[in-house]
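I am opening a page for a structure I have not looked at before, and I want to write down what I look up as I go.

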Amino acid sequence: HPLQVSYAHAPTTPATAQQPQFTDPASYMSAFQNQMVVPAIPNVVKPKANYTNKSGRKLFVGQIPWNTSEEEMRTLMQEFGTVEEVIMLKDKITGQGKGCGFVIFANPSEAQNAIQSLNDKRIMPPMNHAMQVKFADSDGTSKEPKLFVGMVPRTATPDDVKAVFANFGNLVEVAMIKKNNVNSGACFVRYETTESCDLAISQLNGVYQMEGSLRPLCVKYAEAPKNDPASQLQKLMQAN
């Protein structure tokens, strides 16, 4: 019999080529330029923001009526975003409000929006001064609970200063700033927490005047002095 020759049949189910996976753009482009099988691009899902840290979301709110409730503050702040928590500061003995509190937003952009819309702009009746709305740690970053206090009478003693600032939290230290062994009219006050600092600033800065002084106190977060305390004193006094 004559030899019969026929073409071999192709497989009924073609083999599926394993497409390579690439994790960087350079290897992907190299494969494409060499006419390789175009790899499947991984579907990358961007994770949702998880703001577990309160920094940048927690605001200090001052210059508000002493009888402001948490519900009233929440209603006001919900104009600017999702409010997670409201804390109104109250006297531990009498339960009376201290005219300030803290508000925590869901994300930093909402907190920033509240600052831009309210700080030094809106007045809550019957207050005469505009609200103070700022990051609870002053600028959204961690700060030392230490204050610079200017416009202190030169005759004032550390005990005189403590009598004023002890109302806002537990004091750690009061240090008078001296030049040539003479009081310069300023001091440093250190608290245990930045919350106490924020409260003291809200209630005293530009408002409270110590007996024997010609102007109200200048109360701000202390900055790391570049040279000496006198240079910082001059810088802060000029800003007022």
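These entries cover strand pairing, backbone angles and a charged patch, in that order.

**Entry on the model.** I note at the start that this is a predicted model, and I keep that in mind for each entry below.

**Entry on strand β7.** I began with strand β7, which spans residues 182-191, and asked how many of its ten residues are buried. I found that eight of the ten are buried, so that the strand is mostly covered, where buried means under 20% relative accessible area.

I then looked up which strands pair with β7. Strand β6, residues 171-179, runs antiparallel to β7 and is joined to it by eight bridges, and within this pairing I wrote down L171, whose bridge partner in β7 is Y191. Strand β5, residues 146-150, also pairs with β7 in the antiparallel sense, over five bridges, and here I noted that F148 stands opposite F188 of β7.

**Entry on the turn between β6 and β7.** I followed the chain from β6 into β7 and saw that the two strands form a hairpin with two residues between them. In this turn, N180 has a positive phi of about 55 degrees. N181, which lies in the loop between β6 and β7, likewise has a positive phi, near 65 degrees, although N181 is a residue other than glycine. I marked these angles because most residues other than glycine have a negative phi. I also checked whether N181 is buried or exposed, and its relative accessibility of 66% makes it count as exposed.

**Entry on other backbone angles.** I looked for positive phi values elsewhere and came to M151, which is not a glycine and yet has a positive phi of about 65 degrees. M151 lies in the loop between β5 and α4, the latter being residues 158-165.

I next asked where a cis peptide bond is found, and I located one joining P125 and P126, with an omega of about 5 degrees. P126 belongs to the loop between α3 (108-118) and β4 (132-135). I record this bond because most peptide bonds are trans.

**Entry on the negative patch.** Last, I turned to the surface and asked which residues form a negative patch there. The patch is formed by E70, E71, E72 and E85, and helix α2, residues 70-77, gives the most to it, with three residues. I looked at E71 more carefully: this residue lies in helix α2, and E71 counts as exposed because its relative accessible area is 56%, where exposed means over 50%.

Terms used
Residues numbered from 1 in each chain as written. Predicted model: local features only at pLDDT ≥ 70, side-chain atom pairs only at ≥ 80, totals over all residues. Heavy atoms only, no water. Patch = residues over 30% accessible without salt bridge, like charges linked within 9 Å, V, L, I, M, F, W, Y side chains within 5 Å. Areas by Shrake-Rupley, 256 points an atom, 1.4 Å probe, with all protein chains shown as cover. Salt bridge = Lys/Arg side-chain N within 4 Å of Asp/Glu carboxyl O. Lys, Arg positive; Asp, Glu negative; His and termini not counted. Charge placed at Lys NZ, Arg CZ, Asp CG, Glu CD. Helix = DSSP H or I, 4+ residues; strand = E, 2+ residues; numbered from the N terminus. Buried < 20%, exposed > 50% of the residue type's maximum accessible area, 1.4 Å probe, protein only. Pairing = 2+ DSSP bridges.
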